[in-house]
Amino acid sequence: VVREYICRIHGEVSDETMEKLARGVELEDGPARFDEIERIGASDSHAWFRVVLHEGRNREVRRMWEALGLTVSRLKRVRYGSVELPRLLRRGHSEELSPEAVAQLRKAAGLPDAPAEAVLTLEPVIGQRRARPSEYRPAPREQRAWTQGAYVDEGRELRAFDNLRE
């Protein structure tokens, strides 16, 4: 599925570097390249780019820039397949897609059509525990302050040293 990102790169990016990213760079998990790369802005300390790729490997965009010695200081996904992500959508939040958009995304990803009544829900897992409760239960202990019980005598011994200068 096509992914489109906006990224801010710290430092100056030459045209030769952009060509290398379009041709492909070697990463530790194989070669990677941007399908599209476009400079969309710049200042004296950083440059903004719009990049498009088909793969979704872990931190792939950042690793591609870092392979050429450049640092990504800001990265934001703006499109996933045919779905444009809303500009005001905050991190960790979501918006529900229309059934038509879901069908279009499934088709683009090569997945079969979902049944009409299929709904993604957390209902089957609500109320379930992650792990079984522990069978080990420590015996309850009596709560005591250090000044009571067996420690009273120890306190008396230490009080003898309170006034050393007298």
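Me: How many salt bridges does a search of the whole structure find?

Reply: In this predicted model, a search of the whole structure finds 13 salt bridges.

Me: What makes Arg39 and Asp15 a salt bridge?

Reply: The closest N and O atoms of Arg39 and Asp15 are 3.8 Å apart, and a salt bridge asks for a side-chain nitrogen of Lys or Arg within 4 Å of a carboxyl oxygen of Asp or Glu, so the pair qualifies. Arg39 lies in strand E4 and Asp15 in helix H1, which spans residues 15-23, so the pair ties together parts that are 24 residues apart in sequence.

Me: Why is Arg39 called partly exposed, and why is Asp15 called exposed?

Reply: The relative accessibility of Arg39 is 34%, and a residue is partly exposed when its value falls between the 20% under which it would be buried and the 50% over which it would be exposed, so Arg39 is placed in the middle class. Asp15 has a relative accessibility of 54%, and because exposed means over 50%, Asp15 counts as exposed.

Me: How do you know that Arg57 forms salt bridges with Glu55 and with Glu60?

Reply: Between Glu55 and Arg57 the closest N and O atoms are 2.9 Å apart, while between Arg57 and Glu60 they are 3.4 Å apart; the limit is 4 Å, so both pairs meet the criterion. Salt bridges that share partners join Glu28, Asp29, Glu55, Arg57, Glu60 and Arg63 into one network.

Me: Which residues of that pair, Arg57 and Glu60, are buried, and what makes Glu60 count as buried?

Reply: Arg57 and Glu60 are both buried. For Glu60 the relative accessible area is 3%, and buried means under 20%, so the label follows for Glu60. Glu55, by contrast, is partly exposed, with a relative accessible area of 39%.

Me: Where is Glu60 found, and which other residues of helix H2 are buried?

Reply: Glu60 is found in helix H2, which covers residues 60-67, and in this helix Val61, Arg63, Met64 and Trp65 are buried as well. Glu60 and Arg33 are 27 residues apart in sequence, and their C-alpha atoms are 9.4 Å apart in space.

Me: What is the phi of the residues that flank helix H2, Arg59 and Gly69?

Reply: Arg59 is found in the loop between strand E5 (46-53) and H2, and has a positive phi of about 50° although it is not a glycine. Arg59 has a relative accessibility of 52%, and exposed means over 50%, so Arg59 counts as exposed. Just after H2, Gly69 takes a positive phi of about 85°.

Me: Why are strands E4 and E7 described as standing at the edges?

Reply: The open sheet is formed by 5 strands in the order E4-E5-E1-E6-E7, with antiparallel pairing. Strand E4 (36-42) and E7 each have a single partner strand, so one side of each is left without a neighbour in the sheet.

Me: How do you know that E6 pairs with E7 and that E1 pairs with E6?

Reply: Two strands pair if at least two bridges are found between them. Strand E6 (residues 71-80) and E7 are joined by 2 bridges and run antiparallel, so this pair meets the criterion; in E7, Glu84 is the bridge partner of Arg79. Strand E1 (residues 3-10) and E6 are joined by 8 bridges and also run antiparallel, so the criterion is met here too; in E6, Val72 is the bridge partner of Ile9. The hairpin of E6 and E7 has 2 residues between the strands, and in this hairpin Gly81 takes a positive phi near 65°.

Me: Which residues gather in a patch of positive charge on the surface, and what makes Arg91 count as exposed?

Reply: The patch of positive charge gathers Arg74, Lys76, Arg87 and Arg91. Arg91 lies in the loop between strand E7 (83-84) and helix H3 (99-108). The relative accessible area of Arg91 is 81%, and exposed means over 50%, so Arg91 counts as exposed.

Me: How many helices and strands does the protein chain have, and what share of its residues is buried?

Reply: The protein chain has 4 helices and 7 strands, and buried residues make up 22% of its 166 residues.

Key. Residues numbered from 1 in each chain as written. Predicted model: local features only at pLDDT ≥ 70, side-chain atom pairs only at ≥ 80, totals over all residues. Heavy atoms only, no water. Patch = residues over 30% accessible without salt bridge, like charges linked within 9 Å, V, L, I, M, F, W, Y side chains within 5 Å. Areas by Shrake-Rupley, 256 points an atom, 1.4 Å probe, with all protein chains shown as cover. Lys, Arg positive; Asp, Glu negative; His and termini not counted. Charge placed at Lys NZ, Arg CZ, Asp CG, Glu CD. Buried < 20%, exposed > 50% of the residue type's maximum accessible area, 1.4 Å probe, protein only.
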